[in-house]
Amino acid sequence: MKLADNKATLSFTNGSPSVELPVYQGSIGPDVIDIRKLYGQTGMFTYDPGFLSTAACQSAITYIDGDKGQLLYRGYPIEQLAKNCDYLETCYLLLYGELPNESEKADFVERVTKHTMVNEQMQFFLRGFRRDAHPMAVLTGLVGGMSAFYHDSTDINNPEHREIAAIRLIAKMPTLVSMAYKYGVGQPYMYPKNDLSYAGNFLRMMFGNPCEEYQVNPVLERALDRIFILHADHEQNASTSTVRLCGSSGTNPFAAISAGVACLWGPAHGGANEACLNMLEQIQANGGIAKVGQFMEQVKDKSSGVKLMGFGHRVYKNYDPRATLMQETCNEVLAELGLENDPLFALAKAVEKIALEDDYFVQRKLYPNVDFYSGIVQRAMGIPVNIFTGIFALARTVGWIAQLNEQMGDPEYKIGRPRQLFTGSTERSVKPIAQR
């Protein structure tokens with residue numbers, strides 16, 4: 001970051017002296033006011049619930065301009081990456097800062113491919129969970145549990161340990177997600193195959209069985225790869241901030257990523273596409289397309305408590321750039337599988353049409369977001385709704401690791417310690433129980 005020529009001046013109406021605060025500039029985006037010495041100079045903290053106006057770190061990985069609907073990975077627009085690169089190229093970019101050439105890509109793909117197996121004892125670990133446990137509960141345990149198996153890569157302060165942990169996590173997440181699914185449905189686990197692509201391997205481990213050879217559908221393979229790319233990173237969101245905060249204590253990389261998985265589970269974050277599908281299924285159960293108009297009127301009535309899931313975004317004040325790509329992929333998948341007229345997908349199209357044309361939604365910029373379309377695509381592919389967030393975690397793992405590596409290499413990093421505005425009781429004396 002670069003120190004700006006101008007400074008910010010904080011003045012008070014109670015007669016306290018003004019304070020000058022440095023201003024720093026990034027390569028793009030808003031400038032930041034450096035308040036690190038504010039408490040020492042004034043005895044006061046800033047108050048920013050949800051960190052809506054606070055930059056907790058400096059980062060060179062992902063940039064979002066919500067007003068323009070822009071998402072950049074290391075400077076590259078997400079639209080170009082999704083059309084011209086595959087997921088492992090995108091992983092390389094996020095981890096190392098540049099897109100790989102052919103030899104670099106081949107080496108990286110080989111390293112990931114050779115680490116897709118998990119320790120056989122993971123199968124016994126799985127047996128400790130109920131068969132009907134949510135896959136995200138299982139995945140949180142499995143990812144954290146990897147720290148018990150890979151002692152040679154648990155020092156978060158060691159760059160070599162973080163490097164091997166990154167490769168292991170990227171490689172093994174598809175295996176772990178598919179194992180969590182297979183365990184829940186009582187099917188045998190499928191070992192990865194080194195001659196398949198990253199996405200193709202995952203499809204086979206999810207839907208294949210030992211009795212016959214699984215044929216990877218190239219349309220579904222590419223669709224899943226695009227889902228991975230679009231979810232690989234998203235700046236300082238809740239789960240990424242959780243990974244950074246967890247890692248700031250010096251915990252091992254597997255524990256930090258497990259914390260990210262747990263945070264992602266929430267319906268306001270990674271569970272949004274699951275919540276979107278649940279909404280569509282509820283509309284379908286209550287009358288389907290014939291009742292869409294009535295449902296959308298209920299959404300407009302704030303007193304009804306009915307929410308429109310999969311539309312709008314906290315960051316994007318324009319169209320989510322990932323949604324356009326996912327909409328295109330959605331149409332390709334539905335056409336490939338002959339599901340254009342499936343009742344639930346027809347219902348989704350009806351909801352989408354109203355939201356894009358009704359002034360109420362247009363004026364509030366409640367456009368369909370990536371969760372709306374990715375949920376439809378995954379359901380069409382046969383992926384159960386309760387696995388959606390696991391796939392999100394799989395894709396986001398590389399972003400978490402890249403952010404964690406960046407933090408640990410930052411000479412300014414410190415253990416996270418947010419402050420608070422205390423509103424409880426002031427100091428008081430404890431009376432003996434007989435006098436209370």
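The domain assignment of the protein chain gives three parts: domain 1 (2-55), domain 2 (70-270 + 393-409) and domain 3 (272-381). These bounds come from an automatic or database domain assignment. Taken over C-alpha atoms, the centres of domain 1 and domain 2 are separated by 37 Å. The model is predicted, so that local features need pLDDT of at least 70 and side-chain atom pairs count only at pLDDT 80 or more, whereas totals for chains, interfaces and linings use all residues. Residues are numbered from 1 along each chain as its sequence is written, and side-chain values use heavy atoms, with hydrogens and water left out.

Helices (H or I, at least four residues) and strands (E, at least two) are DSSP runs, numbered from the N terminus. Two strands are said to pair if DSSP finds at least two bridges between them. In general, strands of a sheet pair through backbone hydrogen bonds, either parallel or antiparallel.

An open sheet of three strands has the order 1-2-3, and its pairing is antiparallel. Strand 1 and strand 3 are its edge strands, each of which pairs on one side only. Strand 1 (residues 2-10) is joined to strand 2 (residues 19-25) by six bridges, and the two run antiparallel. Within this pair, Lys7 has Pro22 of strand 2 as its bridge partner. Strand 2 also pairs with strand 3 (residues 32-33), in the antiparallel sense and over two bridges. Here Tyr24 stands opposite Val32 in strand 3. The hairpin of strand 2 and strand 3 has six residues between the strands, and Gly29 takes a positive phi near 95° in it.

A further open sheet of three strands has the order 4-5-6, again with antiparallel pairing. Its edge strands, strand 4 (62-65) and strand 6 (76-77), each pair on one side only. Strand 4 and strand 5 (residues 70-73) run antiparallel and are joined by four bridges. Two of the partnerships can be named: Asp65 is the bridge partner of Gln70 in strand 5, and Thr62 is that of Tyr73 in strand 5. The hairpin formed by strand 4 and strand 5 has four residues between them, and Gly69 in the turn has a positive phi of about 70°. Strand 5 is joined to strand 6 by two bridges, and these strands run antiparallel. Leu72 has Pro77 of strand 6 as its bridge partner. In the hairpin of strand 5 and strand 6, with two residues between the strands, a positive phi near 50° is taken by Arg74.

Two helices were examined for length and burial. The expected span of a helix is 1.5 Å times one less than its number of residues. Helix 14 (321-337) has 17 residues that should span 24 Å at 1.5 Å a residue, and its end C-alpha atoms are 25 Å apart, which agrees. Among its buried residues (buried means under 20% relative accessible area, exposed over 50%, partly exposed in between; 1.4 Å probe, protein chains only) are Pro321, Arg322, Leu325, Met326, Cys330 and Val333. The elements that cover the buried residues of helix 14, by contact (heavy atoms within 4.5 Å), include strand 5, helix 2 (78-84), helix 9 (218-230), helix 15 and helix 17. Helix 14 is followed by Gly338, which has a positive phi near 65°.

Helix 15 (residues 343-357) has 15 residues and reaches 21 Å from its first C-alpha to its last, close to the 21 Å expected at 1.5 Å a residue. Leu344, Phe345, Leu347, Ala348, Val351, Glu352 and Ala355 are buried in helix 15. These residues lie on the same side of helix 15 because they cover an arc of only 155° around the axis, the arc being that of the directions from the helix axis to the C-beta atoms. The cover of the buried residues of helix 15 includes helix 12 (272-285), helix 13 (292-300), helix 14, helix 16 (359-363) and helix 17 (370-380). At the N-terminal end, helix 15 is capped by Asp342, with a side-chain oxygen 3.0 Å from the backbone nitrogen of Leu344.

Two further residues were considered. Ser258 is placed in helix 11 (residues 253-264) and counts as buried because its relative accessibility is 9%. Not counting residues up to four places away in sequence, Ser258 touches Thr140, Val143 and Gly144. Gly250 lies in the loop between helix 10 (238-247) and helix 11; with a relative accessible area of 34%, Gly250 is partly exposed. The C-alpha atoms of Gly250 and Asp358, 108 residues apart along the chain, are separated by 50 Å.

How values were computed. Polar contact = N/O pair within 3.5 Å; in protein donor to acceptor, adjacent residues only side chain to side chain.
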